[in-house]
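The following exercises are to be worked through with the structure in view. Each task is followed by a solution in steps.

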Amino acid sequence: MSRVLVIGCGGVASVAIRKCCQVSEVFTELCIASRTKSKCDALAESLKDKTDTVVTTAQVNADKVDEVVALINSYKPDLVMNIALPYQDLTIMDACLICGVNYMDTANYEPEDTDDPEWRAIYEKRCKEKGFSAYFDYSWQWAYKEKFEQAGLTALLGCGFDPGVTQAYCAYAKKHEFDEIDTIDILDCNGGDHGYAFATNFNPEVNLREVSAPGSYIENGKWVEIPAMSIKREYDFDKVGQKDMYLLHHEELESLAVNIPEVKRIRFFMTFGQSYLTHMKCLENVGMLSTTPVMFEGREIVPIKFLKALLPDPASLGPRTHGKTNIGCIFTGKKDGKDKTYYIYNVCDHQECYKEVESQAISYTTGVPAMCGALMLLTGKWTDKGVHTVEEFDPDPFLDALDKYGLPRSENFDPVLVE
Ligand code: NDP
């Protein structure tokens, strides 16, 4: 029996909410709150008579701590699931601390305004000290560790697929398959085709910021940064086939380097088609990916926000996306004194997801782990207080829940390694 407040009602939140409503014995009451209440009402209406979960809705601007505090105080949830945007992570964490409620999200904090001089000074210092230049990093949320510990609360960070399930795969490999892990390669393959020349599978602003940034990986405890898309590999993915993939910076590299410190190299690769890359480069070259406001016909516009308005809504891609995703981790290391390799991954079919929850697989592979993470917190499987990423918890009940609720694991004990 629990009450959950979900903030956000976009592509990922819609899947997470639909999945929570399939587990009504745990998610007995759920409030969907977002900036645009009409979207929450439409989703609640579509769930009517299909679930025993009691669903209500609310309007909230989660950029404002006092609005989130007022909502939490009136709804009194056991858990707040932040599935809005990374820009709201800190305000929602602040509100959870004020109200004494557990917190979780699917992406780590980054500021909406990267020109803010106060933020920029801290960011530039971090770039020099750490050696990677992505706008997002864990330092902002890790700074809340003591406060959450002292309040006896849990904050679960980044509980989507990547970050999220990929870290549970790492914890699982460490617990069951290896005495010592030497290398981790995280491979994120989307073999889906939506038929558009260019569209993003989740929030365009967050997605394009991420993939147009320099790539980076960790080697012997240090970050190595490379120009965007400058390391390319080909890989033959199970159930998808041969794809080009590119090395990217990704948030779980940072926490895995802290939590599995013996690993000598951690890399993250994502597949992209040529059409996506050509469009992205062109948009970048003409300044459309910029977050800095420009004056246009007497009013200020932010180029990447204008671009977002032109691109298809990721939530609308469901009916037209065909094909599969394959996301997982390849490990090398030692077990009982012998060299060992191991690959654990999930294959997910876009059309199967659409049939089940009216969404494509990218939102599905993020929304299902968000529901399963909430399930771990609400059923007392994950109880550590403080601020934690997924690999810090027991992976077994979480992977069992993923197997059960739509993202079953596959294993390969002799995988082809990435050179
Ligand atoms: P969408 O843009 O589809 O949805 C975002 C939702 O948040 C919208 O409902 C939006 O409201 C709401 N929102 C935005 N700002 C505010 C605000 N100030 N107050 C209240 N609500 C607000 O995003 P996605 O569903 O694609 O992504 C959701 C999250 O999931 C993102 O953080 C993304 O980075 C993360 N993600 C994580 C992945 C992983 O594997 N870990 C993979 C993919 C995504 P409105 O409708 O008014 O715009």
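**Exercise 1.** Determine which residues lie on each side of strand β5 in this predicted model, and whether they are buried or exposed.

*Solution.* Step 1: strand β5 spans residues 102-105. Step 2: Asn102 and Met104 lie on one side of β5, and Tyr103 and Asp105 lie on the other. Step 3: all of these residues are buried, and both faces of β5 are thus covered.

**Exercise 2.** Identify the strands that pair with β5, and give a bridge partner for each pairing.

*Solution.* Step 1: strand β4, made of residues 79-82, pairs with β5 in the parallel sense over 4 bridges. Step 2: within this pairing, Asn82 has Asp105 of β5 as its bridge partner. Step 3: β5 is also joined to β6 by 2 bridges, and these two strands run parallel. Step 4: Met104 has Leu156 in β6 as its bridge partner.

**Exercise 3.** Describe the two sides of β6 and its pairing with β17.

*Solution.* Step 1: strand β6 covers residues 154-157; Thr154 and Leu156 point one way, while Ala155 and Leu157 point the other way. Step 2: all four named residues of β6 are buried. Step 3: β17, residues 386-389, runs parallel to β6, and 4 bridges join the two strands. Step 4: the residue of β17 opposite Leu157 is Thr389.

**Exercise 4.** Establish where Gln141 lies, whether it is buried or exposed, and which backbone atom its side chain reaches.

*Solution.* Step 1: Gln141 belongs to helix α6, residues 139-142. Step 2: the cut-off for a buried residue is under 20% relative accessible area. Gln141 is counted as buried because its relative accessibility is 0%. Step 3: the side chain of Gln141 reaches the backbone nitrogen of Tyr109 at 3.0 Å. Step 4: leaving aside residues up to four places away in sequence, the residues that Gln141 touches include Tyr103, Asp105, Leu157 and Val387. Of these, Tyr103 and Asp105 were met in β5, and Leu157 was met in β6.

**Exercise 5.** Place Ser212 in the chain, and explain why it is classed as it is.

*Solution.* Step 1: Ser212 occurs in the loop between α9 (204-211) and β8 (215-219). Step 2: Ser212 is classed as buried because its relative accessible area is 16%. Step 3: the side chain of Ser212 reaches the backbone oxygen of Leu208 at 2.6 Å. Step 4: apart from residues up to four places away in sequence, Ser212 touches Ala228, Met280, Glu284 and Leu289. Step 5: Met229 is 17 residues from Ser212 in sequence, and their C-alpha atoms are 8.1 Å apart.

**Exercise 6.** Classify Asp394 by accessibility and list the polar contacts of its side chain with Lys175 and Asp396.

*Solution.* Step 1: Asp394 is in the loop between β17 and α15 (395-404). Step 2: Asp394 counts as partly exposed because its relative accessibility is 34%. Step 3: its side chain makes a polar contact of 2.9 Å with the side chain of Lys175. Step 4: a polar atom of the Asp394 side chain lies 3.1 Å from the backbone nitrogen of Asp396. Step 5: Asp394 and Tyr172, although 222 residues apart in sequence, are 8.0 Å apart in space, C-alpha to C-alpha.

**Exercise 7.** State in which strand Lys340 lies, and which side chain it joins in a polar contact.

*Solution.* Step 1: Lys340 is part of strand β16, residues 338-349. Step 2: the side chains of Lys340 and Glu177 are joined by a polar contact of 2.5 Å. Step 3: beyond residues up to four places away in sequence, Lys340 also touches others, among them Phe178, Phe331 and Phe413.

**Exercise 8.** Describe the surroundings of the ligand.

*Solution.* Step 1: 28 residues surround the ligand, and those that come nearest are Arg35, Thr36, Lys39, Ala62 and Asn203. Step 2: the shell comprises 13 nonpolar, 11 polar and 4 charged residues. Step 3: a polar side-chain atom of Arg35 is 2.7 Å from an oxygen atom of the ligand. Step 4: a polar backbone atom of Val12 lies 2.8 Å from a ligand oxygen atom, and a backbone N or O atom of Ala84 lies 3.3 Å from one. Step 5: the ligand taken alone exposes 930 Å², of which the protein buries 93%.

Notes. Residues are numbered from 1 along each chain as its sequence is written. This is a predicted model: local features need pLDDT of at least 70, side-chain atom pairs count only at pLDDT 80 or more; totals for chains, interfaces and linings use all residues. Side-chain values use heavy atoms; hydrogens and water are left out. A residue is near a molecule or strand if one of its heavy atoms lies within 4 Å of it. A polar contact is a pair of N or O atoms within 3.5 Å; within protein, one must be able to donate a hydrogen and the other to accept it, and residues adjacent in sequence count only if both atoms are side-chain atoms. Accessible areas come from the Shrake-Rupley method with a 1.4 Å probe; for residues, only the protein chains shown count as cover. Ala, Val, Leu, Ile, Met, Phe, Trp, Tyr, Cys and Pro count as nonpolar, Asp, Glu, Lys and Arg as charged, and the others, Gly among them, as polar. Buried means under 20% relative accessible area, exposed over 50%, partly exposed in between (1.4 Å probe, protein chains only). Two strands pair if DSSP finds at least two bridges between them. Contact means heavy atoms within 4.5 Å.
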